[in-house]
Amino acid sequence: MEANRKQTPRTKKITLPVLPLRGLCVFPYMVLHFDVGRQKSVAALEQAMVGDQQIFLVAQTDTKTDNPQKDDLYTFGAVSKVKQLLKLPGGNIRVLVEGLYRARLVGIADNGKYYVGEVRKYANTAPEITPELEAMTRTAKDIFDEYLQMMSKTPQETVVSILNIKNPGEIADVIAANVFVNLEDKIAILEETDVVKRIEKLIVIMHREVEIARLEQDISDKVKRQLDKNQREYYLREQARIIQKELGDKDGIAAEVKAYKQKIAKTGIPEESAKKLCTDVDRLSKMPAGTSDSALLKTYLDMVLSLPWNVKTKESFNIERAKKTLDDDHYGLEKVKERILEFLSVRQLAKDVKGPVLCLVGPPGVGKTSIARSIAKALKKKYARMSLGGVRDEAEIRGHRKTYIGAMPGRIINALRNAGSGNAMILLDEIDKMSSDYKGDTASAMLEVLDAEQNFAFVDHYIEVPFDLSDVMFVTTANSLDAIPRPLLDRMEVIHLSSYTEYEKRQIAQRYLIPKQRSAHGITAAQLKIGEAAVSDIINYYTKESGVRNLERQIAAVCRKTARKIIEDGTKKINITPDNLEIFLGKRIYTYDRALENDEIGVATGLAWTYFGGDTLQIEVNIMDGKGELVLTGHLGDVMKESARAAISYIRSVAGQLGIPSDFHTRNDIHIHVPDGATPKDGPSAGITIATALISALMGRAVKKSVAMTGEITLRGRVLPIGGLKEKALAAYRAGIMSIIIPRENARDLEDIPQEIREKMIFILADTMDNVIINALLPASDTLGYHLLSGTADSFSEGAGLSQ
């Protein structure tokens with residue numbers, strides 16, 4: 001052993017350019033090429049080519065370091081000869097080097113251009129071959145040969161050349177350079193200058209590499225036995241599965257399959273559906289673990305098994321409790337409450353009655369969505385809400401087929417899954433806002449959902465098995481029925497919710513909104529009181545809506561101002577009245593038309609329905625000399641323009657009876673105007689109002705200021721029924737008009753008007769325009785200037801002038 005050490009003499013120190021390597025280790029007798037890109041490394045190569053082409057190659061301990069210092073380099077490297085340089089695009093150089101002998105780095109310096117190192121070289125000497133060294137060399141060759149039999153990655157010519165090497169030191173270097181993967185293992189061989197110890201280290205490391213190769217071979221053999229020709233693409237994934245099994249995962253997919261089948265048996269899924277799911281589970285058991293197909297199938301099974309197949313909540317049929325719950329949560333909405341109580345009554349008599357499909361139609365803010373929550377609370381049903389506004393893809397309702405990437409169930413199935421009950425109440429909000437495009441018609445997809453004859457076997461494209469929706473109570477909401485297709489509307493029971501009256505809004509504010517906002521702002525009833533008169537002013541002058549959303553916002557604004565006064569000014573109690581309301585809410589935002597101050601010729605008061613409730617509108621008529629031109633202004637729609645023409649045709653047909661010249665339509669221009677021109681106006685209900693204003697202007701008889709009217713006119717002068725009578729009557733009452741002319745057929749709608757208002761007003765029922773004229777126009781003797789209407793063109797003009 002001592003002799004061997006003497007045969008590796010150290011020579012004197014030499015100075016060479018240094019080239020740090022990333023992830024590479026160069027051995028003596030080794031020829032390899034690599035690319036060089038760092039400027040100092042390129043400069044070191046160029047310096048080596050100037051001299052004897054020798055350079056010191058040493059590996060970095062950290063490959064991420066760009067400017068390594070001595071501590072960042074391994075101690076040993078190889079003095080190598082640069083055999084070839086090839087410049088590459090981008091400034092890099094491909095270099096071919098040959099390792100000459102190992103050397104130890106004694107010191108290193110940076111001259112600004114490249115690294116210069118002082119190294120001590122160790123010559124390649126042939127040691128004395130002792131029996132011990134010979135045995136160790138043969139052992140190393142045998143282990144290497146065994147390794148090559150398992151791993152056929154080394155080229156054959158390299159194998160032959162290695163086995164023919166006689167020098168033990170060279171054998172160790174060449175094997176380490178061609179077999180070892182780990183850089184630390186290579187450095188361990190390179191740093192060993194003693195040949196015997198180098199062979200010993202080689203044998204230890206080779207033994208470990210052989211064991212690793214044997215384990216890899218065992219894993220590979222196990223995988224191959226489990227794969228057929230069609231499964232070779234899953235080779236790497238199977239390797240991972242076998243490794244998991246070696247680590248102790250004994251159950252694998254079998255446990256999942258068993259758990260799925262147990263869930264299928266427990267969930268109460270119908271027999272046919274259960275068979276289909278069991279087939280999918282069996283298919284899962286044959287899939288390789290970790291594949292995308294198995295992950296998708298497991299997601300599908302988890303989704304289907306999470307549905308409430310046999311889960312139903314116990315409903316409450318207590319009518320008194322339900323009535324109290326609905327009354328506590330909402331004021332008014334009597335039709336909705338009555339329908340729910342009827343459903344409960346029927347449910348007690350017939351246990352198997354199916355859930356109704358209600359459609360609550362009304363303007364925004366009247367409580368359609370919130371009453372749905374109260375219905376679920378009253379019936380003790382689980383509640384789920386899904387908004388249909390803007391939904392235009394049929395797959396949103398029916399789901400996507402699970403073969404698509406990112407497939408998922410439709411909203412109906414998802415809502416039931418979230419509710420966790422098969423007899424939940426689902427609110428389909430804004431059903432009139434659905435649309436359709438090239439992906440399908442969502443309204444058509446909803447037909448099966450809402451049809452009691454079909455929804456007991458609703459099939460979502462994703463779950464692919466029928467699901468019973470017959471016990472689900474569906475409640476839909478809409479602002480208008482116009483956008484809902486007829487077949488879909490036919491499957492729903494429509495309940496109209498009208499706008500709140502001022503009285504109802506006042507009650508809602510006092511009972512619900514004010515206490516709610518006081519609590520939300522930390523204010524007590526003793527600190528803030530809002531009187532009824534102040535609430536009425538908020539309703540009339542700071543909001544203009546059919547519901548109470550803006551009313552609640554204005555009350556919240558009052559509470560915020562109150563909170564600030566309490567904190568900043570130390571105010572103990574604030575009482576809101578009409579006198580101080582502007583301090584809290586600013587100047588009035590809205591004004592309402594009041595009744596005309598005088599009886600006027602050519603001006604009649606009509607009534608209109610809007611989304612914000614009812615409103616009054618003044619229809620003005622001017623008769624002027626001309627050529628029979630009809631001018632209609634005020635942003636009128638086509639239907640309203642047609643009503644004006646129909647009124648003129650009617651007047652022409654009865655001109656003789658009314659004492660109007662028969663040629664008035666050719667000798668005069670007629671201008672009909674409806675003020676507030678920026679607001680679009682349409683509909684037939686202004687027909688009798690236009691006719692009355694025209695007759696007033698033509699006859700010179702003033703229209704009573706205390707009368708408003710609504711109704712459609714025909715060419716024969718009949719008065720046809722209209723809609724929105726409740727809102728129109730409330731608008732007249734708010735404007736101070738206590739007499740309303742309405743179509744006789746609308747008498748049935750009078751009961752919808754609140755009793756406290758109905759008792760204060762006079763409703764005149766009219767069949768024809770004769771009834772309207774008698775009740776709307778003042779007698780000729782009471783009208784100033786009536787005598788000027790003598791039948792001449794001039795008299796029409798002067799009479800019209802008096803109406804201004």
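Which helix lies across strand 8 and strand 9? In this predicted model, that role goes to helix 16, made up of residues 411–419. Helix 16 runs at about 150 degrees to strand 8.

Both of those strands belong to an open sheet with 5 strands, laid out in the order 8-9-14-7-15. The pairing in this sheet is parallel. Strands of a sheet pair through backbone hydrogen bonds, and this can happen in a parallel or an antiparallel way. At the edges sit strand 8 (383–387) and strand 15 (493–496), each of which pairs on one side only. Going from one strand of the sheet to its neighbour, the average turn is 20 degrees, with direction ignored. For a look at one pair, take strand 9 (residues 425–429) and strand 14 (residues 473–478), which are joined in the parallel sense over 4 bridges. Here L427 stands opposite V475, a residue of strand 14.

Next come the nonpolar cores. The largest one has 68 residues, and F34 and F56 are the members that touch the most others in it. Helix 7 (residues 195–226) supplies the largest share of this core, with 9 residues. Apart from this core lies another, of 53 residues, and A274, L307, M434 and M446 are among them. Back in the largest core, what does F56 have around it, leaving aside neighbours within four places in sequence? Its contacts are L16, P17, V18 and L19, then F76, G77, A78 and V79, and also A103, L105 and V119.

Helix 20 (residues 532–541) is mostly tucked away: 7 of its 10 residues are buried. The buried ones are A534, V535, S536, D537, I538, I539 and N540. Quite a few elements help to cover them, including helix 19, helix 21 (549–568), helix 22 (581–585) and helix 27 (725–735). Strand 16 (528–530) and strand 17 (574–576) are also part of that cover.

Helix 19 (residues 502–520) also holds R518. Is this arginine buried or exposed? R518 is buried, yet it has no salt bridge. The nearest side chain of opposite charge is that of E532, and it is 12 Å away. A salt bridge needs the charged atoms within 4 Å, so E532, at that distance from R518, does not form one with it. Not counting residues up to four places away in sequence, R518 touches I523, T524, A525, L528 and C559.

How values were computed
Residues numbered from 1 in each chain as written. Predicted model: local features only at pLDDT ≥ 70, side-chain atom pairs only at ≥ 80, totals over all residues. Heavy atoms only, no water. Helix = DSSP H or I, 4+ residues; strand = E, 2+ residues; numbered from the N terminus. Buried < 20%, exposed > 50% of the residue type's maximum accessible area, 1.4 Å probe, protein only. Lys, Arg positive; Asp, Glu negative; His and termini not counted. Contact = heavy atoms within 4.5 Å. Core = buried A, V, L, I, M, F, W, Y, C linked by side-chain atoms within 4.5 Å. Pairing = 2+ DSSP bridges. Axes fitted to C-alpha atoms, helices over the stretch in contact; angles between N-to-C directions.
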